[in-house]
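Reader: I'd like a close look at one part of this assembly. Could you walk me through how one chain meets its neighbours?

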4 protein chains.
Amino acid sequence: MVKEKVVLAYSGGLDTSVILHWLLQKGYEVIAYIADLGQEEDFKAAKEKALKIGATKVYIEDLKEEFVKDFIFPAIRANAIYEGKYLLGTSLARPLIAKRQIEVAMKEKAAAVAHGATGKGNDQVRFELTYYTLAPKIKVISPWKDEEFLRKFQGRTDAIEYAKKHGIPVKQTKNEPWSSDDNIMHISYEAGELEEPDRRPRENMFQMTVSPKEAPDRETEIEIEFKKGTPIKVKNSKNGILKNTPVELFAYLNEMGGKNAIGRVDMVENRFVGIKSRGVYETPAGTILLSSHRDLEGLTMDREVMRIRDSLIPKFAELVYYGFWFSPEMETLRELFDKTQEWVTGKVRVALYKGNVIITGRESPYSLYNQSQSSMDEAGGYDPKDATGFIRINAVRLINNALRKKKSKK
Amino acid sequence: MVKEKVVLAYSGGLDTSVILHWLLQKGYEVIAYIADLGQEEDFKAAKEKALKIGATKVYIEDLKEEFVKDFIFPAIRANAIYEGKYLLGTSLARPLIAKRQIEVAMKEKAAAVAHGATGKGNDQVRFELTYYTLAPKIKVISPWKDEEFLRKFQGRTDAIEYAKKHGIPVKQTKNEPWSSDDNIMHISYEAGELEEPDRRPRENMFQMTVSPKEAPDRETEIEIEFKKGTPIKVKNSKNGILKNTPVELFAYLNEMGGKNAIGRVDMVENRFVGIKSRGVYETPAGTILLSSHRDLEGLTMDREVMRIRDSLIPKFAELVYYGFWFSPEMETLRELFDKTQEWVTGKVRVALYKGNVIITGRESPYSLYNQSQSSMDEAGGYDPKDATGFIRINAVRLINNALRKKKSKK
Amino acid sequence: MVKEKVVLAYSGGLDTSVILHWLLQKGYEVIAYIADLGQEEDFKAAKEKALKIGATKVYIEDLKEEFVKDFIFPAIRANAIYEGKYLLGTSLARPLIAKRQIEVAMKEKAAAVAHGATGKGNDQVRFELTYYTLAPKIKVISPWKDEEFLRKFQGRTDAIEYAKKHGIPVKQTKNEPWSSDDNIMHISYEAGELEEPDRRPRENMFQMTVSPKEAPDRETEIEIEFKKGTPIKVKNSKNGILKNTPVELFAYLNEMGGKNAIGRVDMVENRFVGIKSRGVYETPAGTILLSSHRDLEGLTMDREVMRIRDSLIPKFAELVYYGFWFSPEMETLRELFDKTQEWVTGKVRVALYKGNVIITGRESPYSLYNQSQSSMDEAGGYDPKDATGFIRINAVRLINNALRKKKSKK
Amino acid sequence: MVKEKVVLAYSGGLDTSVILHWLLQKGYEVIAYIADLGQEEDFKAAKEKALKIGATKVYIEDLKEEFVKDFIFPAIRANAIYEGKYLLGTSLARPLIAKRQIEVAMKEKAAAVAHGATGKGNDQVRFELTYYTLAPKIKVISPWKDEEFLRKFQGRTDAIEYAKKHGIPVKQTKNEPWSSDDNIMHISYEAGELEEPDRRPRENMFQMTVSPKEAPDRETEIEIEFKKGTPIKVKNSKNGILKNTPVELFAYLNEMGGKNAIGRVDMVENRFVGIKSRGVYETPAGTILLSSHRDLEGLTMDREVMRIRDSLIPKFAELVYYGFWFSPEMETLRELFDKTQEWVTGKVRVALYKGNVIITGRESPYSLYNQSQSSMDEAGGYDPKDATGFIRINAVRLINNALRKKKSKK
């Protein structure tokens with residue numbers, strides 16, 4: 001009898017290794033899919049491990065460019081920020097992994113896909129909504145929501161014992177009192193001692209950024225060039241280092257941002273499943289880009305276009321966070337957001353210093369700023385007397401309301 | 001013949017002094033109104049100057065408490081921020097001054113009110129909309145939109161000469177290449193060399209905050225207590241200093257924030273009259289409060305309440321910025337915003353360090369965070385298997401869309 | 001052993017009768033709860049039937065007044081309309097029934113509640129979200145999502161056979177090719193032949209309204225008085241009949257509306273579970289009230305208040321439709337919506353005629369309409385010359401955009 | 001000396017004839033521009049009149065197709081409706097006239113444009129914002145905001161006398177106690193006796209529609225075909241008459257709608273200048289199209305796309321009403337609105353009967369409706385048991401809120 005094939009999103013870690021083995025036990029043929037999104041990982045070792053456990057095939061794909069270009073940059077263009085703080089580093093990664101998993105499943109004629117995300121979190125939703133959207137009839141295996149699996153693996157100890165028993169190599173992990181997830185955009189930390197919202201994270205937890213205290217006592221000056229809202233060039237104003245491909249410029253901003261302690265966030269956030277959770281994030285490049293992109297919009301974006309767009313940022317961020325990247329409403333919003341970026345072209349200069357992204361200048365060939373019009377010392381084609389009528393007409397409605405209020409009190 | 005009385009918003013500076021004299025020349029009796037909103041000013045000297053020029057009466061009123069309690073704190077409760085950056089320090093002050101001016105005009109049976117705001121800016125609108133709303137029939141005198149006045153005073157030189165000619169004392173000002181406006185909430189800078197959006201402000205411009213470089217190399221730890229979104233207590237965790245009245249706690253946060261380089265913003269913004277302008281701001285206490293307030297909401301505010309509220313922040317900030325503080329739509333929004341603050345009670349701990357407001361902990365008697373529910377290691381009354389159905393039902397619509405797309409391509 | 005008690009939302013129909021019996025078989029003690037929301041029903045017969053089947057107790061409660069006052073009227077005040085068409089007659093009823101069920105369960109110390117809504121529809125959500133909100137630890141029994149029950153009852157035939165087998169009286173129903181649900185607000189029709197969206201409903205399906213063709217060839221003139229957005233009085237302008245209690249005025253509008261063919265809607269709508277479904281509705285009184293309420297707002301509501309409110313109507317309606325009546329976000333929205341109704345007091349005159357609600361006049365002590373200001377023939381305290389400045393300032397931004405566009409094309 | 005040329009939006013009526021003459025007196029060369037938007041007018045006579053008064057040139061242009069295709073249909077696609085009632089017939093026409101006026105002014109090298117809209121209304125804004133946007137440096141002449149003109153012409157009598165004195169032919173108008181404006185989309189009525197909001201319009205005022213009482217006692221059945229939200233074909237189901245060009249199909253729907261009393265609206269609305277005014281409208285074709293378009297969206301539009309779109313309809317309508325048709329924010333919204341129409345293709349069948357637009361059926365090749373999924377009798381690829389998890393996860397947040405509320409009360 002031919003076994004059903006399943007494409008498993010594999011990380012090389014304990015959980016997905018145990019899942020790989022469990023799937024084999026359940027009678028599946030397993031293809032391991034490893035996405036390189038820039039995370040710290042020995043991909044070769046992971047591959048060998050998967051094969052050793054019993055995977056028929058292992059895919060390792062470098063998705064960094066697609067991730068930066070087609071997921072991170074659209075989020076920057078949208079000023080996407082979840083609940084006022086989170087830059088969505090994990091949320092943006094999941095749909096890409098899931099999409100590739102499905103593509104591999106198609107190619108391999110696999111009947112199922114599987115992932116190792118837990119049943120309380122957001123990632124399960126992001127994976128599975130993408131699976132269902134891109135392959136409506138695919139079978140989705142989610143062990144952490146599977147009764148039998150849950151009974152078997154009630155804690156980390158069970159997984160370790162299972163691994164030992166079945167000869168699955170268990171990495172000597174640092175056994176940190178938190179869990180983390182990293183990619184080129186960010187590292188997120190949660191769980192363990194972070195579950196106390198009143199407890200400050202230890203300094204040694206952070207990996208991408210130094211503490212403001214450890215950052216150099218000198219500004220790093222960077223010039224970022226945007227074209228229609230997309231970063232296309234990053235230049236170190238001091239040493240002239242220049243990066244102009246998505247991954248390179250993003251990585252460079254990570255390096256500069258990390259060195260200067262940029263992009264830490266600590267928050268209590270709302271998961272899609274209705275649970276509040278505490279998360280800590282490091283997003284150096286994203287933070288610099290968001291800040292400089294917003295600034296350039298100040299110079300180049302029409303006010304009313306900005307109003308409409310600003311009222312939709314929370315929706316956009318929510319959709320990303322909830323896992324609706326591939327959805328009709330997201331396509332609709334992206335259409336609008338991209339339209340708003342038509343003129344967001346130009347350069348922003350920033351100084352990075354001990355956690356601060358200091359805007360030091362901006363310019364654009366499409367600037368709507370008009371110095372003589374803005375100036376208090378020049379006319380600039382503006383007649384102040386017009387403002388009299390402007391204000392008086394704006395007051396018509398307010399006066400009518402005021403008169404009613406007064407009248408009603410008599 | 002009895003002269004018409006006018007109540008002039010008087011600052012003691014050159015412009016409003018010249019206006020005071022000009023109004024007298026035009027045959028008005030002038031009452032000078034000076035609001036103390038915490039700005040750097042020798043109020044006694046200003047009073048004497050006004051009387052010397054010819055004002056019949058001078059009102060000096062300390063409005064700091066009303067300003068903090070009834071204008072700044074509602075804005076904090078609303079997370080009000082204009083175009084993603086500006087905390088509205090000037091916008092919040094104008095309606096209060098205008099309101100008191102009207103109250104004085106009523107008491108003094110004055111026929112008119114006057115202000116010295118220019119015809120290109122936002123302040124004229126904020127003053128005048130408030131005037132018209134609170135006294136629909138009042139006569140509004142706005143010299144900088146008056147043809148005759150504008151002909152006479154075409155630049156600063158004209159004003160200085162006029163002052164000299166009429167014996168109006170001209171302060172030796174530092175003659176800085178920018179203009180500024182300050183109150184307890186902030187200092188704003190614009191004009192002069194700031195009119196070049198690509199030029200970084202000189203370090204010596206800043207008055208409320210030191211540069212991150214000059215800030216101490218040690219964190220200042222502060223605990224802020226909120227009740228229904230309003231800050232009610234501020235405590236220095238190190239030395240135990242405690243402030244629990246609006247003005248005192250706000251001033252203390254200004255001091256601590258200023259010392260630690262908190263709250264500088266540099267931006268190109270959109271004025272209500274359709275002009276883009278470049279503004280630089282220092283808002284130490286406001287920045288700390290906004291950041292810690294948002295954080296406490298993470299712990300205590302329902303997700304969907306937050307969604308509705310977040311979509312309205314841009315509107316709220318716009319109304320404040322445009323001068324619609326006293327308007328029916330603002331009353332309506334305040335009703336909603338205050339309702340959202342019902343449970344935003346608790347404490348937030350922050351570390352201030354070289355420009356950074358680092359959240360180090362938060363707690364609330366009304367926390368919606370549930371450690372065991374959030375935890376990856378405990379059930380917490382949550383059944384992961386429910387998530388299967390949750391995701392599958394969320395996918396129903398996406399699948400229908402996906403099938404249509406596929407079908408339409410055939 | 002003491003049996004667990006369950007409070008079942010009981011209608012007297014086949015489904016809930018079978019469920020009642022099934023619950024008894026499962027070992028529960030069943031209390032039947034019958035809500036009188038104005039539906040066509042022989043409540044006494046229903047009670048006897050429940051007792052005969054084996055219910056320990058039967059509650060029949062007249063909830064009409066609470067329904068009209070606390071559910072329908074708030075929806076009218078909010079101009080609630082789902083997807084541009086549906087007035088939410090069923091959506092509003094479910095949370096009330098569920099709330100009372102919970103209150104009875106508390107009183108009776110029941111461990112569980114049950115309902116007969118299907119697993120594909122919206123009602124299950126409305127019932128259960130209310131149950132969980134008002135009694136977080138209650139056990140919810142939903143047979144139409146129960147594997148065992150679903151296996152047993154795969155179609156109507158199974159239910160009839162079960163009934164016969166167990167001596168449950170089966171009413172001779174008309175066996176119509178659709179199903180319907182009625183209460184004082186409306187009748188909804190779905191399923192059966194209505195599942196073809198291209199098929200027009202038969203005329204004899206409609207119960208509350210005559211066809212426009214059958215309606216009298218004479219207008220019925222009605223005057224409706226609102227106080228803060230709530231209808232308080234309805235008067236027939238011809239015969240002087242007057243109704244001024246919630247239920248009476250609503251019932252009278254139903255009668256007049258029904259007679260004049262008012263309030264039929266036919267649509268394809270989106271269920272919360274992601275399925276599209278076709279629904280047909282009759283809502284005579286609701287339609288008249290919505291139309292006249294909107295009209296009175298035209299006269300009395302400030303424009304900008306209306307703008308904010310209008311942008312939130314779809315959200316309000318969605319929350320009602322999805323079953324979030326008792327939710328923090330709904331409380332928040334209600335606060336805002338009620339505030340907007342502050343001045344919506346006055347009278348609207350309507351003529352009902354063959355499906356048309358024709359507004360024939362409106363008046364209010366708080367009218368913001370000012371005839372002389374509006375008039376083209378009078379000044380009315382408005383200076384047309386102010387409009388010059390108003391328009392020119394509004395054009396500043398547009399001109400800047402236009403000049404940029406032109407410049408960029410060179 | 002060469003005279004400055006002005007292009008006047010000319011209607012042939014008294015007002016613009018007087019303005020034409022006044023402009024000549026002021027020393028301008030006047031080019032009369034007459035737009036044929038489908039209004040009732042003897043264009044030849046108007047032309048002769050303009051020439052007789054002294055216009056150098058007269059343009060008469062048939063803009064009906066552009067009007068229907070590029071202005072009315074986009075509004076239908078957007079479901080644009082102002083303040084819940086008004087279909088924007090006049091608002092949509094003004095920017096088109098103004099645009100063509102500017103194009104003629106360019107061609108004729110005219111320095112100025114002029115219009116006869118009053119200083120209290122919306123039309124002045126719509127004309128002038130378009131002028132400024134399309135020709136930022138054009139001189140705008142608006143006699144009804146000109147001090148000298150206003151002094152001269154204080155009422156209709158002054159205009160008549162001026163006309164007589166200067167040999168301007170004065171049409172024997174019916175001298176109706178209201179004023180009206182018509183084009184192919186609608187007739188609007190205001191002023192005169194309509195200024196009493198409590199007075200019902202006389203039946204003989206209406207021109208495009210018969211009274212429901214006069215309408216035939218038989219339904220007119222029409223089938224309307226849409227492609228991406230745009231009506232492309234209209235068929236009379238009875239006699240097979242078929243129209244498939246924009247103007248023809250629109251005119252045919254006007255005819256059928258008018259005959260069946262469709263599309264009357266009576267309301268108090270908010271003008272952009274802050275005044276409330278009473279307007280009465282007849283929009284037969286627009287009403288039919290809006291209703292059938294909305295219906296087709298029910299069948300074909302994704303729910304969440306609809307949510308986003310619905311929240312923006314009030315904004316879209318406001319922008320049209322205020323005169324911002326040619327604005328960056330409108331371009332942005334149109335981008336989003338057009339995207340939402342991607343699948344709104346199909347046929348809607350309606351029965352027109354005495355004021356009612358009764359939807360009798362709809363179909364689409366891109367329907368998202370799935371009969372077996374929707375049906376209560378079939379599974380349709382939907383597992384009701386999933387709904388359990390869906391509801392329970394939706395309840396997580398509500399339960400947390402409920403527990404907090406309960407706890408806080410202790």
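Author: Here is a walk through the two interfaces of chain C, with a short stop at a sheet in chain B.

Some housekeeping comes before that. This is a predicted model, in which local features need pLDDT of at least 70 and side-chain atom pairs count only at pLDDT 80 or more, while totals for chains, interfaces and linings use all residues. Residues are numbered from 1 along each chain as its sequence is written, chains are lettered from A and ligands numbered from 1 in the order in which they are written, and side-chain values use heavy atoms, with hydrogens and water left out.

Let's take chain D as the first partner. Chain C and chain D put 104 residues each into the contact (heavy atoms within 4.5 Å). The buried area (the accessible area, with a 1.4 Å probe, that two parts lose on being put together, summed over both) comes to about 9100 Å², and carbon and sulfur atoms give 56% of it. On the chain C side, Lys120(C), Lys276(C) and Met376(C) lose the most area to chain D, yet together they make up 8% of what that side buries.

As for polar links, there are 18 salt bridges between chain C and chain D (a side-chain nitrogen of Lys or Arg within 4 Å of a carboxyl oxygen of Asp or Glu). One of them joins Arg362(D) to Asp266(C), with the closest N and O atoms 2.9 Å apart. Helix 13 of chain C gives the most to this side, 17 residues (helices are DSSP runs of H or I, at least four residues, numbered from the N terminus). By class, the side of chain C that touches chain D has 40 nonpolar residues (Ala, Val, Leu, Ile, Met, Phe, Trp, Tyr, Cys and Pro), 39 charged (Asp, Glu, Lys and Arg) and 25 polar (the others, Gly among them).

Now the symmetry: a turn of 180° with a shift of 0.0 Å along the axis lays chain C on chain D at an RMSD of 0.0 Å (least squares on C-alpha atoms of residues with pLDDT of at least 70 in both). Ser311(C) has the chain C C-alpha nearest that axis, 2.6 Å away. Both copies use the same surface, as 100% of the contact residues of chain C recur in chain D.

On to chain B. Here the contact takes 23 residues from each of chain C and chain B. About 2000 Å² is buried between them, 72% of it from carbon and sulfur atoms. Ile308(C), Thr332(C) and Lys339(C) lose the most area on the chain C side, together 27% of what that side buries.

Two salt bridges are counted between chain C and chain B, among them Glu331(C) with Lys339(B) at 3.3 Å, N to O. Helix 10 (303-322), helix 11 (328-340) and helix 13 (384-409) of chain C each give two or more residues to this side, and helix 11 has the largest share, nine residues. The classes here are ten nonpolar, four polar and nine charged residues.

Chain C superposes on chain B through a 180° rotation with 0.0 Å of shift along the axis, RMSD 0.0 Å, so the two copies are related as by a two-fold rotation axis. Leu336(C) comes closest to this axis, at 2.5 Å by its C-alpha.

Last, that sheet: chain B has an open, antiparallel sheet of five strands, ordered 10-9-8-13-14 (strands are DSSP runs of E, at least two residues, and pair if DSSP finds at least two bridges between them). Its edges are strand 10 (242-243) and strand 14 (356-363). Strand 8 (residues 220-227) and strand 13 (residues 346-353) of chain B pair over seven bridges, including the one between Ile224(B) and Val348(B).
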